[in-house]
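Biologist: I'm new to this one. Could you put it up so we can go through it together?

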Amino acid sequence: MGFKLSITLLALAAFTTVAQAQDKTSDIIARGEYLARAGDCTACHTAAEGRLFAGARPMPTPFGTIYTSNITPDPETGIGKWSADDFYRTMHNGRFPDGGLIYPAMPFASYTKVTRADSDAIFAYLRSIPPVNQKNKPHELRFPYDNRQLILGWRTLFFSEGEFKPDPTKSAEWNRGAYLVEGLGHCGMCHSPINALGGTSQSDAFKGGLIPMQNWYAPSLTSNREAGLGDWSIKDITDLLQTGVSARGVVYGPMAEVVHNSLQYLDDADTKAMAVYLKGIAEASSPPPASSALPNTESSLLISLGKTVYDKNCASCHGTQGEGKPPHWPPLANNQSIEMQSAVNPIRMVLNGGYPPGTKGNPMPYGMPPFAGLLSDNEVAAVVSYIRTAWGNRGTPVSAREANELRSAPLN
Amino acid sequence: MLARAAASAALIVTLAASDGAAAQTANQPPDTMAARVEACTPCHGNKGEGTSDVYFPRLAGKPAGYLYNQLLAFRSGRRKYPPMNYLLEFLPDPYLEAMAEYFASEHPPLPQPAPSEVSKDVLAQGELLATSGDANRNIPACVSCHGPGLTGMQPGIPGLLGLRAAYVSAQLGAWRYGTRTAKSPDCMQLVAGHLTEADVTAVAAWLATRPAPANPAPVPKGTYALPFGCGSQPN
């Protein structure tokens, strides 16, 4: 009797440890999946109508087209033979297991900040997904950029290896936000001035820039004159990041993609941490004197035509005073994203229209029609000039030539 | 600066005034599909009836399954029209389904058939292809799939009425050149592959002259058997 019982107990004990171990692995895998969303690995490494993580998604760059890799656990064509060390080295140092250099289109310059534990969790998750046997598509890069040795030069200028170091003078929440924004979130990949080499320099981090090939302007996250969030409430910031719409403005273009593929999946605590950090790094800057390339008489004619175009085509949604019906029809009065020095985004918004991303928090967004076929270059310039200067907005007028140039901007 | 302060003061007053449930809904766009598809209607018409642009198709009354398949194809880029590819890129499946249902359930009247610019002979050739096909050249009659009344069949086969000749020939051309594809087996690609340039002109012209039938609704699923399988029309 006593003997039998102890065996049962032993078996039970053994069973619980196995169960616990399994539980722990499945926890790690679930965590890895969450982090892979936060890093947007999932969308970048999956092609349209392609298999999950099988790669082959094209990334146009000024040097040619780069294709993302198959990172499923297939031993021949994926990363099935890699160890967790190999994987950490790729994330942390931008090198293949054999030491070869990885193109910075894979955002390892940000991922270097990711901790070993988080890297291991992502790796555990990637090992748990179905393997796909699909050879990597060769990159189509022009000479001399097809030579990977050139990456060395870029690394010297723009890459500094190192995990995230918390700032002890700041709260745990701020540091968590900083870790996500600077690391997995790779926000700096777009929100930094991009130089001819496609690199971003540390000192210019989050200062904004025009994204090459896409012709969208990713505004500065540090200047309140652009997308700095210094005077936004935490709720408006978390709404924007989690649902794509907010009382202050909406996301569109490449930022809609970021919210759709990545940010909407972050939990409330992480979203709030990012909001606290983003609000914290924004610095109020004194507005530069308004300067326009257009002579005064010309711009006042443009602006009065702009009001006519606006009242007829836009006011039904954005309101006669630019007040909108937030969050779904965004306000245009006091909306930073249309007042910036660069007028690329509002011009493109008018030409192309758009829908904010469909997210858990906003599954059926309202949309804006494209006006490219309805308005002339002059009318586009006029209405953009009007919304940039009406209702106390502090932007500058734009010319018909600028509107015309953006008609040919790529749409995907 | 002053103007800006005034503007934000005005905004605060507006916001304060809108305190209260009724006013809050008044301050929101209508919670309807009609308001949500306002991004589509300058090109497709308020009820999906089409516009004066001959390349912008009518959507109203087509089978919801067919419209949904098209929205999926535009979203992934398999069917190409950059302005639409861009609008749909980040919209989830259930929302695209709701858009498809919305336009499928609208029934504005079909347009008056346009007077045709082609000769009687060409129209006769178009009618022959549409109603009988050409067995020698492996061309099935269009009506064998699109229905005796050309009104289509639920859930995946569209009617061919109320479309302009320019649109129909552009679509048949797109299938011939492989820039439009449907779910495999892509039966329309087989059909279009056997058509010559002249066939396309003829059949598109004849279709555009058809008057509206008494009942333009697509017939229920399984009303007739297709001559061969189509991926968009599950058995």
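Biologist: At roughly what angle do the axes of helix 5 and helix 7 of chain B cross?

Modeller: This is a predicted model, where local features need pLDDT of at least 70, side-chain atom pairs count only at pLDDT 80 or more, and totals for chains, interfaces and linings use all residues. Residues are numbered from 1 along each chain as its sequence is written, chains are lettered from A and ligands numbered from 1 in the order written, and side-chain values use heavy atoms, without hydrogens and water. Helix 5 covers residues 64-76 of chain B and helix 7 residues 93-104, and their axes come within 8 Å. They cross at roughly 135°.

Biologist: And what does that make helix 5 relative to helix 7 in chain B?

Modeller: Under 35 degrees is roughly parallel, over 145 roughly antiparallel, and 65 to 115 roughly perpendicular, with the rest oblique. Given that crossing angle, helix 5 of chain B is, relative to helix 7 of chain B, oblique.

Biologist: How many residues of that contact between helix 5 and helix 7 of chain B are charged?

Modeller: Contact means heavy atoms within 4.5 Å. Helix 5 of chain B brings residues including B:L67 and B:R75, and helix 7 of chain B brings B:D93 and B:F103 among them. The contact has 10 nonpolar residues and no polar ones, and the charged ones number 4.

Biologist: Over in chain A, is the ring pair A:F108 and A:W154 stacked or edge-to-face?

Modeller: Rings of Phe, Tyr and Trp (its six-membered ring) pair if their centres lie within 6.5 Å; planes under 30 degrees apart are stacked, over 60 edge-to-face, the rest tilted. There are 15 aromatic pairs over all chains. The centres of A:F108 and A:W154 are 5.9 Å apart with planes at 75°, so the pair is edge-to-face.

Note on methods
Axes fitted to C-alpha atoms, helices over the stretch in contact; angles between N-to-C directions. Helix = DSSP H or I, 4+ residues; strand = E, 2+ residues; numbered from the N terminus. Nonpolar A, V, L, I, M, F, W, Y, C, P; charged D, E, K, R; others polar.
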